[in-house]
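Visitor: I have just started learning to read protein models, and words get used here that I would like to pin down. Could you show me this one and tell me how each word is earned?

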Amino acid sequence: MAEESADVGSTGENIAGETPIAEPEAVTDDTTVYDDDVELERTIGLVGGLAIGIGTMIGAGIFVFPGLAADNAGLAATLSFAVGGLIALLVALPTSELATAMPRSGGGYYFISRGMGTAYGAIVGLGLWLGLMFASAFYLVGLGHYASAVFTELGVGLPFSPVIGIGLLFGVALTALSIGGTENTAKIQNAVVGILLVVLTGFLSYGVLDAVGVFGGGTVPEQFFSRGYFPVLTTAALVFTSYLGFAQVATVAGEIKQPGRNLPLAMVGSVLIVTIFYVVTIFVATSAFGADRLGQFGETAMVEVAREFLGLPGAVAILGAGLLATFSSANASILSASRAVYALSRDALLPRKASEVNLRYGTPHVALLAAGGPILVLVATGRVELLAEVASFLHLIMYGLMCVALIVLRRRNPEWYSPSYRVPGYPAVPAVGALASFGLIAFMQPASIGIGIVIMIVSYLWYRYYAGDVTLKGDV
């Protein structure tokens, strides 16, 4: 059954003389149909939506961050992940409402531009594109570390570090895969996440039983706040990249089947599931080694935890799972980054060329290339923590503004705003979500904050130069 499109539109033109493309003529459970005969097929169901969310988040939180987080906060890193999960949940609930009211590709950019105005939308949209590129690069570098660990495990000595080269190779491959169709990427995502959940459930169950003494003598985790209290929040700011996945579900909302039902379930469900996995992972890892030694293992600390519990077979299993997880995270992030470009282009905030859809595969191939190319440049830096925090900064800005946009839309109550899901606890939930999102930024490293602010300023200047006359209907 078709749903009438929201009564939102646009006026004005950009410096190239392009005007925003009209809103969809109709949004159905199967397609989003535009009046220029372009159809963006809805090929992602609830399982696919959960897979995008869980697959993106599980990659960083479990396979890259445990060593880094434990080194910063000790066992209290479990609380850091819980704080991150709570903030993500406070944002996921308002985002679910916005997404059911406006199930379009572009996610947070679309919601904010229609709720708060073109200028806010441009800053967030360009920031989302760049933030997803930083996140994708972070995941690809993590994939490179795990692939490098495979060579080490096999006893293959290389005269150079393969980390960056492998990350670049997979960046190219995943971009090409996404051009081949979202149905292909969704199928791969479903399979990868299914394997990951089976492997991790088995491994973490064994680890918990070992920690409490069912196997062997048991191990007692060290003092909870061994690093103090402040590192809990600085570590939460660092690892928040782990929670970007639920918003990426909203970014591909235009391709989610039955969005009124599946979007809220996918976003909230993925946050709850991965938060449990994160907290248990840090508990198990610190029980095995303690924070000091765990921190020395760096990005592949979980391999050593698995070796401690299960010997070589455990190390090999986690190596394989780590490769799948970082692959999954990068895959979902590249897909979402391209959809941000696609949405910006259709609104004339980027050149129209970027929203061209490949007639053979039905995917925005130019947008995918616009996302994939810069990601390779960022991968080449190899700066894991910096990439993660810049991605977190840009997303936290967007999350906070999404919560504000919900409050603005509820107060204005335009005729076209009719979500099929409404956030419970309004207005407290979106208000606290906004404050928590903005507040967490204060605990980031100055370099990450500086880079994030520069990106926001450049985004605004681009908007003023390229599309200052464009006004999206629904602006405040």
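**How the words are earned**

Guide: Let's start in a loop: asparagine 413 is found in the one between H14 and H15. The model is a predicted one, in which local features need pLDDT of at least 70, side-chain atom pairs count only at pLDDT 80 or more, and totals for chains, interfaces and linings use all residues. Residues are numbered from 1 along each chain as its sequence is written, and side-chain values use heavy atoms, leaving out hydrogens and water.

Visitor: What is special about the phi of asparagine 413?

Guide: Phi of asparagine 413 is near 50°, a positive value in a residue other than glycine. Alanine 348 has a positive phi too, near 65°. That alanine lies in the loop between H12 and helix H13 (365-379).

Visitor: What do H12 and H14 stand for, and how many helices and strands are there?

Guide: The protein has 16 helices and six strands. Both are DSSP runs, numbered from the N terminus (helices are H or I with at least four residues, strands are E with at least two).

Visitor: Why is alanine 348 called buried?

Guide: Its relative accessible area is 0%. Buried means under 20%, exposed means over 50% and partly exposed lies in between, with a 1.4 Å probe and protein chains only. Alanine 348 therefore counts as buried.

Visitor: And what makes leucine 177 partly exposed?

Guide: Leucine 177, placed in helix H6 (residues 163-179), has a relative accessible area of 25%, so it is partly exposed. Leucine 177 and leucine 335 are 158 residues apart in sequence and 9.7 Å apart in space, C-alpha to C-alpha.

Visitor: How much of the protein counts as buried?

Guide: Of its 476 residues, 60% do.

Visitor: How do you know which residues alanine 388 touches?

Guide: A contact means heavy atoms within 4.5 Å. Leaving out residues up to four places away in sequence, alanine 388 touches Phe65, Phe138, Leu238 and Thr241. Alanine 388 is found in helix H14 (residues 384-412), and it is buried because its relative accessible area is 0%. Its C-alpha is 6.1 Å from that of alanine 135, although the two are 253 residues apart in sequence. Across the protein, 81% of the contacts with a separation of 6 or more come from residues 24 or more positions apart.

Visitor: Phe65 caught my eye. Which helices come within 8 Å here, and at what angle do they cross?

Guide: They are helix H2 (residues 65-73) and helix H3 (residues 77-101), whose axes come within 8 Å and cross at roughly 110°.

Visitor: Why is H2 called roughly perpendicular to H3?

Guide: Angles under 35 degrees count as roughly parallel, over 145 as roughly antiparallel, 65 to 115 as roughly perpendicular and the rest as oblique, so H2 is roughly perpendicular to H3. Phe65, Ala69, Ala70 and Ala73 in H2 meet Ala77, Ser80 and Phe81 in H3.

Visitor: What kinds of residues does the contact of H2 with H3 have?

Guide: There are six nonpolar residues, one polar and no charged ones. Ala, Val, Leu, Ile, Met, Phe, Trp, Tyr, Cys and Pro count as nonpolar, Asp, Glu, Lys and Arg as charged, and the others, Gly among them, as polar.

Visitor: At what angle do the axes of H5 and H12 cross?

Guide: Helix H5 (residues 118-153) and helix H12 (residues 301-346) cross at roughly 155°, their axes coming within 8 Å. That makes H5 roughly antiparallel to H12. Their contact holds 24 nonpolar, eight polar and two charged residues.

Visitor: And at what angle do helix H4 and H5 pack?

Guide: Helix H4 (residues 108-116) and H5 pack at about 170°, with their axes 7 Å apart. H4 and H5 are therefore roughly antiparallel to each other. The residues in contact include Tyr109 and Ile112 of H4, and Tyr120 and Leu128 of H5.

Visitor: Back in H2, why is glycine 67 called buried?

Guide: Its relative accessible area is 1%, so glycine 67 is buried. Beyond residues up to four places away in sequence, glycine 67 touches Leu294, Gly295, Gly298 and Ala301.

Visitor: One last stop: where is proline 427 placed?

Guide: Proline 427 sits in the loop between H14 and helix H15 (428-441). The peptide bond leading to it from tyrosine 426 is cis, with omega near 5°.

Methods: Axes are lines fitted to C-alpha atoms, for helices over the stretch in contact, and angles run from 0 to 180 degrees between N-to-C directions.
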